2 protein chains.
Amino acid sequence: MAQETTTRRRRRAPLTRERVLRAALALADEGGLEALSMRNVGKQLGVEAMSLYNHVASKEDLVDGLIDFVFGEIEVAPPGELDWRTAMRQRAISVRAALNRHRWAVGLMEGRLSPGPETLRNHDAVMGCLREDGFPFRDAVHAMSLMDAYIYGFALQEKHLPFETADEVSEVMDLQRANVPAMDDYPYLVEVATEMAKAGYDYTTEFEFGLDLILDALERFRAGG
Amino acid sequence: MAQETTTRRRRRAPLTRERVLRAALALADEGGLEALSMRNVGKQLGVEAMSLYNHVASKEDLVDGLIDFVFGEIEVAPPGELDWRTAMRQRAISVRAALNRHRWAVGLMEGRLSPGPETLRNHDAVMGCLREDGFPFRDAVHAMSLMDAYIYGFALQEKHLPFETADEVSEVMDLQRANVPAMDDYPYLVEVATEMAKAGYDYTTEFEFGLDLILDALERFRAGG
DNA sequence: TAAGCTATACATACGCTGTAAGGCGGCCTA
DNA sequence: TAGGCCGCCTTACAGCGTATGTATAGCTTA
């Protein structure tokens, strides 16, 4: 009876927090944050929206889980393993890579009120790396604040200016020029537009220029500036 | 006649784009972006939501207008007036101040597809300031990208970590400790929590430390290295 | 002064959002 | 085999942006 029904119905794999998060991640990666609705996640799992609440306290909780997953993808050497500069450079590049894989996460990485274990591990490792390599506490805070501001700020730019090749650049520039009647009032922007359309814009080069400049500056500051 | 009717009925001041933007700005400043709904703006003006569409093409257009207003509050010296370092330092501080008055704007300043006149003026002035002070084109792009990444990234941190005094810090830290059972797994974060709770955290100092470090680095880079 | 046009505001409605509340059927334990 | 519990579903509410259609107020012209 009951069991027959059970067998016959081929119950689908039970929902879990893990499965919910995985589906949500796929949705957000594909369609951005605005595609991430409880109903859409449910649909993806063949389930009604409300069923998700058995595994997730709220949408905020769901997003917390996603963010922690992203932090889990970021590689940081454990404190004391590498010199600070190598470790911090690697981490910065890893953060940018993760944020490019998950662009929806860009404004959400910082200051979550319920940080997950991966989030905490990451921040602890950064602070630890600096402290173990001799940074006084306040300087370590300065350095971390500066690096993270740059990394997240750059990711923000990269998220909002979605062009890379010279062709894409000139496409966007043309579109902007169409929207802006008095473009000639802004001669320096015209220069940017024409130069960019000629040579394109390489985000990786740009990112690493700023990153190395900051790391150089921190090194010099530490040495005694 | 017509004019009498006008006088008699005490018609309210007619809606204008200006008035709509002003009301929207007040709403966003007070209650953040999630308080900024068409219905709320309408309510603020004694008008139905749909009436706003006579003066604003869409919510996106409305937000574009708000962002341009924020850019209008940012002070930049016209190209060639000041040496680049002074001008850029002033602008950076002015941007941060504007973003603190309008925290809802933080993730939205960059890469709008329909930039307003103030937005364009601002970007043009920054680029112009660097070019007129001798920055080669590519270096000016590098510098602008780096500075803006830092400024916007810092504003992002500041938006999401809303504490300032030592008391507020320790309050937040206590709250986080309550949410994180295994806090002792993260010794360096424990240090941060205790140190911060002792001494507080001054955003202005922090911001200007990073800013000056970056300006120093750019100056040195330009000088030849 | 009267007619007609236009610009503005309103009312209604659609499909979407997050989630509170309650019902029900299948599973595990006693 | 009985009881209870857990996981899922259904329904419902208040809010969102905005498409669509309609009424009206005021100006323009005759």
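**Figure 1. Superposition of chain A on chain B in the predicted model.** A turn of 180 degrees, with a shift of 0.0 Å along the axis, lays chain A on chain B with an RMSD of 0.1 Å. The two chains are therefore related by a two-fold axis. Within chain A, the residue that comes closest to the rotation axis is Gly153(A), whose C-alpha lies at 1.9 Å. Both copies use the same surface, since 100% of the contact residues of chain A recur in chain B.

**Figure 2. The side of chain A that touches chain B.** The contact involves 43 residues of chain A and 43 residues of chain B. On the chain A side, two or more residues each are given by α6 (117-132), α7 (137-160), α9 (187-199) and α10 (203-223). The most is given by α7(A), with 14 residues. Sorted by class, this side of chain A holds 23 nonpolar, 12 polar and eight charged residues.

**Figure 3. Packing of α7(A) with α10(B).** Two packed helices are described by the angle between their axes and the distance between the axes. For α7(A) and helix α10 (residues 203-223) of chain B, the axes come within 10 Å and cross at roughly 70 degrees. Angles of 65 to 115 degrees count as roughly perpendicular, so α7(A) is roughly perpendicular to α10(B). From α7(A), the contact is made by His142(A), Ser145(A), Leu146(A) and Ala149(A). From α10(B), Glu206(B), Phe209(B), Gly210(B) and Leu213(B) take part. By class, this helix pair brings together four nonpolar, three polar and one charged residues.

**Figure 4. The largest nonpolar core and the surroundings of Ile214(A).** The largest nonpolar core comprises 112 residues. Those with the most contacts inside this core are Ala24(A), Ile214(A), Ala24(B) and Ile214(B). Apart from neighbours within four places in sequence, Ile214(A) is in contact with Leu146(A), Met147(A) and Tyr150(A) of chain A. From chain B, Ile214(B) and Ala217(B) are also in contact with Ile214(A). Leu146(A) is, in addition, one of the residues through which α7(A) meets α10(B).

**Figure 5. Val190(B) in helix α9 of chain B.** Val190(B) lies in helix α9 (residues 187-199) of chain B. Val190(B) has 16 C-beta neighbours inside 10 Å and therefore counts as partly exposed; a buried residue would need 20 or more. Not counting residues up to four places away in sequence, Val190(B) touches Met183(B) and Asp184(B). Val106(B) is 84 residues apart from Val190(B) in sequence, and their C-alpha atoms are 29 Å apart in space.

**Figure 6. Lys59(B) in helix α4 of chain B.** Lys59(B) is found in helix α4, which covers residues 59-73 of chain B. There are 15 other C-beta atoms within 10 Å, so Lys59(B) is partly exposed. Along the chain, Lys59(B) and Met38(B) are 21 residues apart, and their C-alpha atoms are separated by 7.3 Å.

**Figure 7. Val172(B) in helix α8 of chain B.** Helix α8 (residues 166-179) of chain B contains Val172(B). Val172(B) counts as partly exposed because 18 C-beta neighbours lie inside 10 Å. A separation of 24 Å is found between the C-alpha atoms of Val172(B) and Glu208(B), which are 36 residues apart along the chain.

Definitions and conventions: Residues numbered from 1 in each chain as written. Chains lettered and ligands numbered in written order. Predicted model: local features only at pLDDT ≥ 70, side-chain atom pairs only at ≥ 80, totals over all residues. Contact = placed C-beta atoms within 7 Å. Helix = DSSP H or I, 4+ residues; strand = E, 2+ residues; numbered from the N terminus. Nonpolar A, V, L, I, M, F, W, Y, C, P; charged D, E, K, R; others polar. Axes fitted to C-alpha atoms, helices over the stretch in contact; angles between N-to-C directions. Parallel < 35°, antiparallel > 145°, perpendicular 65-115°, else oblique. Least-squares fit on C-alpha atoms with pLDDT ≥ 70 in both. Core = buried A, V, L, I, M, F, W, Y, C linked by C-beta atoms within 7 Å. Buried ≥ 20, exposed ≤ 12 C-beta atoms within 10 Å, placed from the backbone.
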